[in-house]
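User: I am in my first year and would like a close look at a single part of this protein, namely its sheet. Please explain how the strands are arranged and what lies around them.

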Amino acid sequence: MQYKGIIFDLDGVICHTDKYHYMAWKQIADEIGVYFDEAINDRLRGVSRMESLEIILEQYQGNMTEEEKQKLSEKKNNIYRNLLCQMSPKDVSEEVAETLNELKRRNIGIAIGSSSKNARFILEKIGLLEIFDAISDGNNISRSKPAPEVFLKAAEYLGCKPGQCLVVEDARSGIDAAIAGGFPCAGLGDAAAYEKTDYPIHKFSDIFSLAADGNWQESGF
Ligand code: B16
Ligand code: MG
């Protein structure tokens, strides 16, 4: 099989915003008197904002209307976006920056496939808004990971079929989404330990070792 493109998850693969998600959700959880810790925060990886709130509310004793939930998720997002303002190109490792540049040099199409509605804001902060050939994020989908929609859109934007694109993910929900969409997938971090991941990798530049067996095809980007 030859790949024409790579679709990267954003949070946890290109950069790390989990600490900001944690700080923002912790503030909300404290406000409504709900227990929240880093283990619960880990379950929010790759999951949409409203689904994240539902996971946090598993510990909530009372009843909450949809309107109240909406207000809480907006409040969390405002806190989160304020925290994101401190991000800069320094939040991208040299390894990530060099690998992306090299993939571009090899004419491999590169795209973002993120559940986040803040993906473009984050990419702008870290100086990577221009490098990607396509961005599919929480704003162009109706169902987030583990549904495959975000990756199917990214492949469509790249002009590739799912089987021609490799998905790189850090979350199990993202690996499930890749598999559901018919994409081969590489997993970092948590996803490297997941039995469904096709190619467990331990560092970002290991993507090149997948290319060593001639899996790549110039896409003309
Ligand atoms: P937002 P990814 C995901 O991004 C995060 O992993 C997840 O924790 C977050 O809840 C989700 O985006 C939605 O983010 O509130 O910014 O729309 O990993 O798919 O790049
Ligand atoms: Mg992620």
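Analyst: The following account goes through the sheet strand by strand and then turns to the metal site, one helix and the largest pocket.

The structure is a predicted model. In it, 6 strands form an open sheet, and their order across the sheet is β3-β2-β1-β4-β5-β6. The pairing is parallel. Strands of a sheet pair through backbone hydrogen bonds, and this pairing may be either parallel or antiparallel. The two edge strands are β3, residues 134–136, and β6, residues 199–200, each of which pairs on one side only.

Let us begin with β1, which covers residues 5–8. On one flank, β1 pairs with strand β2, residues 109–113, in the parallel sense over 4 bridges. Within this pair, G109 in β2 is the bridge partner of G5. On the other flank, 4 bridges join β1 to β4, and these two strands also run parallel. Two positions show how they are matched: F8 stands opposite V168 in β4, and I7 has V167 in β4 as its bridge partner.

In a regular strand the side chains alternate between the two faces of the sheet. What becomes of the two faces of β1? Both are covered: G5 and I7 on one side are buried, and so are I6 and F8 on the other.

Strand β4, residues 165–169, is mostly covered as well, with 5 of its 5 residues buried. On one side lie C165, V167 and E169, on the other L166 and V168, and all of them are buried. Beyond its pairing with β1, strand β4 is joined by 3 bridges to β5, residues 185–187, and this pair runs parallel. Here V168 stands opposite A186 in β5. The row can be followed onward, as A186 in turn stands opposite Y199 in β6. The strands β5 and β6 pair in the parallel sense over 2 bridges.

The metal site comes next. Which residues act as protein donors of the magnesium ion (ligand 2)? They are D9 (OD), D11 (O) and D170 (OD), at 2.1 to 2.2 Å from the ion. Along the chain these donors follow the spacing D-x1-D-x158-D. Two of the donors can be described further. D9 counts as buried because its relative accessibility is 3%, which is under the 20% cut-off. D11, at 17% relative accessibility, falls under that cut-off too and therefore counts as buried.

A residue in a helix offers another example of burial. T99 has its place in helix α5, residues 94–105. Its relative accessible area is 2%, so T99 is buried. Leaving aside neighbours within four places in sequence, T99 is in contact with F204, S205 and F208.

Finally, the largest pocket has a volume of about 630 Å³. Its lining is made up of 38 residues, and those nearest the centre are V47, S48, R49, S115 and S116. The elements that give two or more residues to this lining are α1 (18–32), α2 (38–42), α3 (49–56) and α4 (66–84). Of these, α4 gives the most, with 6 residues. How many residues of the lining are nonpolar, polar and charged? The lining divides into 7 nonpolar, 17 polar and 14 charged residues.

Conventions. Residues numbered from 1 in each chain as written. Chains lettered and ligands numbered in written order. Predicted model: local features only at pLDDT ≥ 70, side-chain atom pairs only at ≥ 80, totals over all residues. Heavy atoms only, no water. Donors = N, O, S within 2.8 Å, 3.2 Å for Na, K, Ca; no water. Buried < 20%, exposed > 50% of the residue type's maximum accessible area, 1.4 Å probe, protein only. Contact = heavy atoms within 4.5 Å. 1 Å grid on protein atoms, 1.4 Å probe; cavity = no way out; pocket = protein on both sides within 12 Å on 5 of 7 lines; lining within 4 Å. Points joined across faces, edges and corners; volume = space filled by probe spheres on them. Nonpolar A, V, L, I, M, F, W, Y, C, P; charged D, E, K, R; others polar. Pairing = 2+ DSSP bridges.
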